[in-house]
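Visitor: I have a model open in front of me and would like to learn how to read it. Could you walk me through some features?

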Amino acid sequence: ELQMPMIVKQNGNRTAYDREKIRTGFMRALHKRPVPTELVDQAIERIVQKLLALGEKEIPSRRVGEMVMAEL
């Protein structure tokens with residue numbers, strides 16, 4: 001079973017990966033744009049696949065943020 005990595009924030013705190021946080025961020029960034037939620041879901045799924053493909057137990061939050069920005 002594949003397990004999502006822990007997210008390491010800049011202050012050193014570790015939190016579990018939260019798909020809803022990423023969804024909220026996407027929706028906030030796109031609130032004035034007519035982007036279907038289906039496309040947002042696809043982008044989130046691509047981010048999840050990239051995170052799993054890395055095979056790491058911990059990933060810096062900055063790296064996750066860069067993945068999100070690339071999808072936007």
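Visitor: How are H2 and H3 oriented to each other?

Guide: Keep in mind that this is a predicted model. An angle between helix axes that is not roughly parallel, antiparallel or perpendicular counts as oblique. Here the axes of H2 and H3 cross at roughly 140 degrees and come within 10 Å. Angles over 145 degrees would count as roughly antiparallel, so H2 and H3 are oblique to each other.

Visitor: What is the hand of the crossing where H2 passes H3?

Guide: That crossing is right-handed.

Visitor: Which residues of H2 and H3 meet there?

Guide: From H2 come Ala43, Arg46, Ile47, Lys50, Leu51 and Leu54, and they meet Arg63, Val64, Met67, Val68 and Glu71 of H3. Sorted by character, the residues of this contact are seven nonpolar, no polar and four charged.

Visitor: Now to H3 by itself. Which of its residues are buried?

Guide: A residue counts as buried when its relative accessible area is under 20%. In H3, which spans residues 61-71, Val64, Met67, Val68 and Glu71 are buried. Looking down the axis of H3, you would find its buried residues within an arc of 100 degrees, so they line one face of the helix.

Visitor: And which residues are exposed on the other side of H3?

Guide: Arg62, Met69 and Ala70 are exposed there.

Visitor: What do the buried residues of H3 pack against?

Guide: Their partners are two helices, H1 and H2, together with strand S1 (6-8) and strand S3 (58-60).

Visitor: Let me try the other helix pair. At what angle do H1 and H2 pack?

Guide: H1 covers residues 19-29 and H2 covers residues 37-54; they pack at about 135 degrees, with their axes 10 Å apart. That angle makes H1 oblique to H2. The crossing of H1 and H2 is right-handed.

Visitor: Which residues make the contact between H1 and H2?

Guide: On the H1 side they are Arg19, Ile22, Arg23, Phe26 and Met27. H2 brings Thr37, Val40, Asp41, Ala43, Ile44, Glu45, Ile47 and Val48. By character, the contact of H1 with H2 divides into eight nonpolar residues, one polar and four charged.

Visitor: I would also like to look at the loops. Where is His31, and is His31 buried or exposed?

Guide: For a loop residue, place and accessibility make a good starting pair. His31 sits in the loop between H1 and H2. Over 50% relative accessible area counts as exposed, so His31, with 59%, is exposed. You can also compare sequence and space: His31 and Met4 are 27 residues apart in sequence, and their C-alpha atoms are 28 Å apart.

Visitor: Where is Val35 found?

Guide: Val35 is in the loop between H1 and H2. Its relative accessibility is 33%, so Val35 counts as partly exposed. Setting aside neighbours within four places in sequence, Val35 is in contact with Leu30 and Val40.

Visitor: And where does Glu56 lie?

Guide: Glu56 belongs to the loop between H2 and S3. With a relative accessible area of 33%, Glu56 is partly exposed.

Visitor: How far apart are the C-alpha atoms of Glu56 and Met6?

Guide: They are separated by 8.8 Å, while the two residues are 50 residues apart along the chain.

Visitor: Which residues is Glu56 in contact with, leaving aside its neighbours within four places in sequence?

Guide: Those are Pro5 and Arg63. Select Glu56 together with Pro5 and Arg63 to view these contacts on your screen.

Key
Residues numbered from 1 in each chain as written. Predicted model: local features only at pLDDT ≥ 70, side-chain atom pairs only at ≥ 80, totals over all residues. Heavy atoms only, no water. Axes fitted to C-alpha atoms, helices over the stretch in contact; angles between N-to-C directions. Helix = DSSP H or I, 4+ residues; strand = E, 2+ residues; numbered from the N terminus. Parallel < 35°, antiparallel > 145°, perpendicular 65-115°, else oblique. Left-handed = near helix turned anticlockwise from the far one by under 90°. Contact = heavy atoms within 4.5 Å. Nonpolar A, V, L, I, M, F, W, Y, C, P; charged D, E, K, R; others polar. Buried < 20%, exposed > 50% of the residue type's maximum accessible area, 1.4 Å probe, protein only. Arc of directions from axis to C-beta.
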